[in-house]
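The following exercises introduce a single protein chain to a reader who has not met it before. Each task is followed by a solution that proceeds step by step.

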Amino acid sequence: MFGPFDPILGSHIQSITDALDIPHLESRLDLEPQEKEFSINLFPSHLYLNQAYKDMIKFLKWTKVAIVYEEDIGLMKLQDIIRSPPSKNVEIYIRQGTPDTYRDILKEVKHKQIYSIIVDTVPEHMHLFLRCVHVVFLLHSIFFSVTVAATADE
């Protein structure tokens with residue numbers, strides 16, 4: 001069995017394939033990174049992704065970081081960075097946004113003199129976010145945390 005990409009449907013399918021001992025290959029965010037007997041998830045664990053983000057923040061010597069997320073799951077994916085930043089001198093500014101509020105959020109970020117942003121948004125809205133970035137200002141560093149698997153079936 002292959003897929004699906006949807007997190008809710010994916011866990012349901014995974015449960016069925018486990019019960020029937022059917023091999024299951026998927027690529028989706030799984031916030032419960034426990035090993036499953038007949039399932040292989042190709043999507044990186046959020047624990048490893050958070051560690052990579054922390055390493056990036058530390059390596060690039062970011063002292064102020066804005067995290068802009070669209071859906072609640074985006075905040076859950078990045079919670080480890082928020083709970084334990086890579087160093088004590090990193091200031092993290094967190095905002096939930098929608099296409100209607102991107103411009104206002106970016107104005108706030110600019111006013112706070114934050115030039116590094118981690119963005120977790122719906123892939124279909126990324127062009128709207130980038131348009132707002134272009135209108136408000138050009139940032140020094142933007143890291144996009146979007147689910148590539150969500151666009152794989154397009």
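A salt bridge is a side-chain nitrogen of Lys or Arg within 4 Å of a carboxyl oxygen of Asp or Glu. The model is predicted: local features need pLDDT of at least 70, side-chain atom pairs count only at pLDDT 80 or more, and totals for chains, interfaces and linings use all residues. Residues are numbered from 1 along each chain as its sequence is written, and side-chain values use heavy atoms, with hydrogens and water left out.

**Exercise 1. The salt bridges**

Task: Determine how many salt bridges the structure holds, and state where the partners of each lie.

Solution.

Step 1. The structure holds three salt bridges. In one of them, Asp-80 pairs with Lys-54, and the closest N and O atoms are 3.3 Å apart. Asp-80 belongs to helix α4 (residues 79-83) and Lys-54 to helix α2, so this pair ties together parts that are 26 residues apart in sequence. Helices (H or I, at least four residues) and strands (E, at least two) are DSSP runs, numbered from the N terminus.

Step 2. Burial is judged by relative accessible area: buried means under 20%, exposed over 50%, and partly exposed in between (1.4 Å probe, protein chains only). Asp-80 is partly exposed, because its relative accessible area is 25%. Lys-54 is buried, because its value is 11%.

Step 3. Lys-77 forms a salt bridge with Asp-120, with the closest N and O atoms 2.8 Å apart. Lys-77 lies in helix α3 (residues 72-77) and Asp-120 in strand β5, so the pair ties together parts that are 43 residues apart in sequence. Both Lys-77 and Asp-120 are buried.

Step 4. The side chains of Arg-95 and Glu-108 meet in a salt bridge of 2.6 Å, N to O. This pair links distant parts of the chain, with Arg-95 in strand β4 (residues 91-96) and Glu-108 in helix α5, 13 residues apart. Arg-95 counts as partly exposed because its relative accessible area is 28%; Glu-108 is likewise partly exposed, at 28%.

**Exercise 2. The overall layout**

Task: State how many helices and strands the protein chain has, and in what order they run.

Solution.

Step 1. The protein chain has six helices and six strands.

Step 2. From the N terminus on, the order of the elements is α-β-β-α-β-α-α-β-α-β-α-β.

Step 3. Of the 154 residues in the protein chain, 37% are buried.

**Exercise 3. The nonpolar cores**

Task: Identify which residues of the largest nonpolar core touch the most other members, and which elements contribute to this core.

Solution.

Step 1. A nonpolar core is a set of buried Ala, Val, Leu, Ile, Met, Phe, Trp, Tyr and Cys residues joined through side-chain atoms within 4.5 Å. In soluble globular proteins, nonpolar side chains tend to be buried together.

Step 2. The largest core has 15 residues, and Ala-66, Leu-106, Val-109, Ile-117 and Phe-129 touch the most other members. Two or more residues come from each of β3 (64-69), α5 (102-111), β5 (116-120) and α6 (126-136). With five residues, α6 gives the most to this core.

Step 3. A second, separate core has ten residues, among them Leu-78, Ile-81, Val-90 and Ile-118.

Step 4. Contact means heavy atoms within 4.5 Å. Apart from neighbours within four places in sequence, Ala-66 is in contact with Tyr-93, Val-109, Ile-114, Ser-116, Ile-117 and Ile-118.

**Exercise 4. Two residues of strand β1**

Task: Establish whether Glu-26 is buried or exposed, whether His-24 is buried or exposed, and which side chain each of them joins in a polar contact.

Solution.

Step 1. Glu-26 lies in strand β1 (residues 24-26), and His-24 is also placed in strand β1.

Step 2. Glu-26 counts as buried because its relative accessibility is 2%. His-24 counts as buried because its relative accessibility is 3%.

Step 3. A polar contact is a pair of N or O atoms within 3.5 Å; within protein, one must be able to donate a hydrogen and the other to accept it, and residues adjacent in sequence count only if both atoms are side-chain atoms. The side chain of Glu-26 joins that of Ser-39 in a polar contact of 3.3 Å. The side chain of His-24 joins that of Ser-39 in a polar contact of 3.4 Å.
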